[in-house]
Amino acid sequence: MLAHSKRLLPGLVLPVLAAASMIAAATVDAAGTDYPVIHNTEERPDPWIENGCTIAPKTNCDGADLRHVDLRQANLEGASLKGANLARANLTHANLQGADLSGANLDGANLKTAFMGTVKLMRASLRGADLSFTRMAKANLSETDLTAATLEKAMAKGANFSHARFINTDAMETKFYEADLSNAVFDGVKIRFAIFQDAYMEGCKGCPHTWQTGTKTWEEDHPTPAQATR
């Protein structure tokens, strides 16, 4: 009888161990749910002032020094930040619609998912900046330096990039619908899955001029002499 029991014992070991493991795992999971999830949030001061600049819509902070400042979700709609230094600033999900940042320094700034419709960034420096997932319809980035910047999946419909510099830029899946890329420079740009429908590329060096075939929208509105005689 004893010998028979010993023969059965090895077959019982695995099921018993499996059951014990399941009980232990369930105990750990149950214990884990007893702990509350803590979200550390920093309350913004009222008024919100950074280095003498009031962070608010339509504020005037021309030439302000906002390097490395945490401006996440800041509402700077219609603000004037001409020539401001925002290098390495965190502007994630900030509202910059209609703001004037012409000539500003945004090197290394984080602008991911920012709202930038009609923003003015003429002659600004955005070297190494992260503009992925931004919404910049009809923004003006003429003469802007976008060297090593990231525009992945950005929406740039009707944006002005004339004379802009795209050097080693990540523009994968960027939407350049009806964008003005005239006289821009594309060198080492990652444009996989980017869309250039109806983009104006006259004089652009390195642009994918053959991306679209057929008549473009801007050609219908402003036909060349050769097209007008067809």
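A salt bridge is a side-chain nitrogen of Lys or Arg within 4 Å of a carboxyl oxygen of Asp or Glu. The exercises below concern a predicted model.

**Exercise 1. A salt bridge within one loop**

Task: Determine which parts of the chain the salt bridge of Arg127 and Asp145 ties together, and classify the burial of the two residues.

Solution.

Step 1. The side chains of Arg127 and Asp145 approach to 3.0 Å, N to O. Because the limit for a salt bridge is 4 Å, the pair qualifies as a salt bridge.

Step 2. Arg127 and Asp145 both lie in the loop between S2 and S3, so the salt bridge ties together parts that are 18 residues apart in sequence.

Step 3. Buried means under 20% relative accessible area, and partly exposed covers the range from there up to 50%. Asp145, at 15%, is therefore buried, whereas Arg127, at 40%, is partly exposed.

**Exercise 2. A network of salt bridges**

Task: State how many salt bridges the whole structure holds, and describe the network to which Asp70 belongs.

Solution.

Step 1. A search of the whole structure finds four salt bridges.

Step 2. One of them joins Asp70 to Arg44, with the closest N and O atoms 3.6 Å apart. This pair links distant parts of the chain: Asp70 is in the loop between S2 and S3, Arg44 is in the loop between helix H1 (2-33) and strand S1 (49-50), and the two are 26 residues apart.

Step 3. Asp70 also forms a salt bridge with Arg72, where the closest N and O atoms are 2.6 Å apart. Arg44, Asp70 and Arg72 are thus linked in a network of salt bridges.

Step 4. The relative accessibility of Asp70 is 22%, so Asp70 counts as partly exposed. Arg44, at 31%, is partly exposed, and Arg72, at 41%, is partly exposed as well.

**Exercise 3. The disulfides**

Task: Identify the disulfides of the structure and give the pattern in which the bonded cysteines are joined.

Solution.

Step 1. A disulfide is a covalent bond between the sulfur atoms of two cysteines. Two disulfides are found in the whole structure.

Step 2. Cys53 is joined to Cys61, with an S to S distance of 2.0 Å. The link of Cys53 and Cys61 is right-handed, with 95 degrees about the S-S bond, and both cysteines are buried.

Step 3. Cys204 is joined to Cys207, with an S to S distance of 1.9 Å. This link of Cys204 and Cys207 is also right-handed, with 70 degrees about the S-S bond. Cys204 is buried at 6% relative accessible area, and Cys207 is buried at 7%.

Step 4. With bonded cysteines counted along the chain, the pattern is 1-2, 3-4.

**Exercise 4. The nonpolar core and the aromatic rings**

Task: Name residues that touch the most other members of the largest nonpolar core, and describe the aromatic pair of Phe166 and Phe176.

Solution.

Step 1. In soluble globular proteins, nonpolar side chains tend to be buried together. The largest nonpolar core here has 57 residues, and those touching the most other members are Leu101, Leu106, Leu111, Leu131, Phe161, Phe166 and Leu181.

Step 2. Leaving aside neighbours within four places in sequence, the contacts of Leu181 include Phe161, Phe166, Phe176, Phe186 and Phe196, together with Cys204 and Cys207.

Step 3. A pair of aromatic rings is described by the distance of the centres and the angle of the planes. The structure holds seven aromatic pairs. Among them is the pair of Phe166 and Phe176, with 6.2 Å centre to centre and 80 degrees between the planes. Since an angle over 60 degrees counts as edge-to-face, this pair is edge-to-face.

Step 4. Phe166 lies in strand S3 and Phe176 in the loop between S3 and strand S4 (185-187), so the pair ties together parts that are ten residues apart in sequence. Phe166 is buried, with a relative accessible area of 0%, and Phe176 is likewise buried at 0%.

Step 5. Phe161, Phe166, Phe176, Phe186, Phe196 and Trp211 form one aromatic cluster.

**Exercise 5. The surroundings of Ile167**

Task: Locate Ile167 and list the residues that Ile167 touches.

Solution.

Step 1. Ile167 belongs to strand S3 and is buried, with a relative accessible area of 14%.

Step 2. Not counting residues up to four places away in sequence, Ile167 touches Leu146, Thr147, Ala148, Val185 and Asp187.

Step 3. Ile167 and Ala149 are 18 residues apart along the chain, and their C-alpha atoms are separated by 8.3 Å.

Technical notes. Residues are numbered from 1 along each chain as its sequence is written. Side-chain values use heavy atoms; hydrogens and water are left out. Helices (H or I, at least four residues) and strands (E, at least two) are DSSP runs, numbered from the N terminus. Buried means under 20% relative accessible area, exposed over 50%, partly exposed in between (1.4 Å probe, protein chains only). A disulfide is a pair of cysteine sulfur atoms within 2.5 Å. Contact means heavy atoms within 4.5 Å. A nonpolar core is a set of buried Ala, Val, Leu, Ile, Met, Phe, Trp, Tyr and Cys residues joined through side-chain atoms within 4.5 Å. Rings of Phe, Tyr and Trp (its six-membered ring) pair if their centres lie within 6.5 Å; planes under 30 degrees apart count as stacked, over 60 as edge-to-face and the rest as tilted.
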